[in-house]
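Here is a report on side-chain packing in one protein model. Look at the rings, the buried core and the cysteines in turn.

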Amino acid sequence: MLLGLLANDLLDHLGLWLAGSGVGDLGLVLDDLDDLLDLFVVLLIEGHALAQALHGLAEGGAEFGKVLRPEDEQHDNEDDNERRHAQSDSLEDGELGLPGNRTFTAVFTVTRTGVFRIEYGCESDRSTYVSMTNHTYFNLAGHNAGMDCEHFFVANAAHYLPINEQNIPTGEIAPVEGTPFDFRELRPVAPGMEADDPQIKQARGYDHCLCINGYQYGRNLRRAMHVEEMWTGREMDYYTTAPGVQLYTGNWLGDEHAKDDANYGWGAGFALEAEMYPDTPHQPLFPQGIVGPGHPYSNVIEYHFMRH
């Protein structure tokens, strides 16, 4: 159900470099080219973490940067009911362009009841912005099913964030009613991916933040999304403490010879990315993810898997 690549192939397939990754310092998009340098991705690969700029911009054009960063710490704990893996890393004041000596943590837990939990955290000795998330691509019909599937979604969201021509939120928090973004009742996602809607056309599908109801900073783990795949009967509930979830429907996938020699094209998988709203530092009306002394960051994500 997870799209992906063999570890040795990750650096050669930039179209899928986000599959299965964790995203921070500031996940997703900011409306400032300098701020794009502040984004990085951490991938656990054979005992290392891969820190990669989302948009490492150099003079003359945009380039992806690739840096292998050794793990600072990892810890596994297993008992009768769950298995846990902890990971930590740090950035010095000014590193990646943001203030503060920052310590990042991620705890991954798998339970026997079909729950996969990620607990992200960050502490900083200076005020700074943090938003950490996960960008795993799913296809509940199977990682190589492509569009040969029937995904239905429910979202606990009455509003979403429209985007501009650069795919950056405009600052408006718009109601979903009467739009392709209204998933308050179970509905198929595929028709909306090709809807005659300017927002959908701009992103070539869904690549928008849904504003999840009931946000309370660092608290209130609640169900944000429910996904069903009708042919296989597989279901997934997606929980988070974050204010938003970026729904991305693989609009730019185009990878050949992935795992099991699969080819991933447009719409072959979807990602749910629990997050602070994109471009939050430039939008004072958005919930702010400012971290500093005595004010740590946290985001909990849970995936619950079932079959009907």
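## Charges over rings

Arg204 sits over the face of Trp252, 4.1 Å from the ring centre. Arg187 lies over the face of Phe183, and here the distance to the ring centre is 5.0 Å. The model is predicted, and side-chain atom pairs count only at pLDDT 80 or more.

## Aromatic pairs

How many aromatic pairs does a search of the whole structure find? The count is 14.

Take Phe181 and Tyr206. Their ring centres are 5.5 Å apart and their planes meet at 85°, so this pair is edge-to-face. Phe181 is in the loop between β15 (174–175) and β16 (187–188), while Tyr206 is in the loop between α3 (198–203) and β17 (207–212). The pair therefore ties together parts that are 25 residues apart in sequence. Phe181 and Tyr206 are both buried.

Next come Tyr238 and Tyr303. With ring centres 5.2 Å apart and planes at 70°, this pair is also edge-to-face. Tyr238 belongs to strand β19 (residues 234–240) and Tyr303 to strand β23 (residues 297–307), so the pair ties together parts 65 residues apart in sequence. Tyr238 and Tyr303 are buried.

One aromatic cluster includes Phe181, Tyr206, Tyr238 and Tyr303. Phe183, the ring under Arg187, is a member of this cluster as well. Other members include Phe108, Phe116, Phe138 and Phe153.

## The nonpolar cores

Nonpolar side chains tend to be buried together in soluble globular proteins. In this model, the largest nonpolar core holds 41 residues. Which residues have the most contacts inside that core? They are Leu210, Met225, Tyr238 and Leu272.

Apart from this core lies another, of nine residues. Among them are Tyr137, Tyr248, Tyr264 and Ala271.

Tyr238 deserves a further look. Leaving aside residues up to four places away in sequence, Tyr238 touches Met225 and Leu272, both listed with it among the residues with the most contacts in the largest core. Its contacts also include Val245, Ala274 and Ile301. Charged neighbours appear too, including Arg222, Arg223, Glu273 and Glu302. Tyr303, its edge-to-face partner, is another contact of Tyr238.

## Cysteines without disulfides

A disulfide is a covalent bond between the sulfur atoms of two cysteines. How many disulfides does the count give here? The count is zero.

Why does Cys209 have no bond to Cys211? The sulfur of Cys211 is the closest cysteine sulfur to that of Cys209, but the distance is 5.2 Å, too far for a bond. The cut-off is 2.5 Å. Cys209 is buried, at 2% relative accessible area. Cys122 also counts as buried, with a relative accessibility of 2%.

Methods
Residues are numbered from 1 along each chain as its sequence is written. Side-chain values use heavy atoms; hydrogens and water are left out. A nonpolar core is a set of buried Ala, Val, Leu, Ile, Met, Phe, Trp, Tyr and Cys residues joined through side-chain atoms within 4.5 Å. Buried means under 20% relative accessible area, exposed over 50%, partly exposed in between (1.4 Å probe, protein chains only). Contact means heavy atoms within 4.5 Å. Rings of Phe, Tyr and Trp (its six-membered ring) pair if their centres lie within 6.5 Å; planes under 30 degrees apart count as stacked, over 60 as edge-to-face and the rest as tilted. Helices (H or I, at least four residues) and strands (E, at least two) are DSSP runs, numbered from the N terminus. A charge sits over a ring if NZ of Lys or CZ of Arg is within 6 Å of the ring centre and within 35 degrees of the ring normal.
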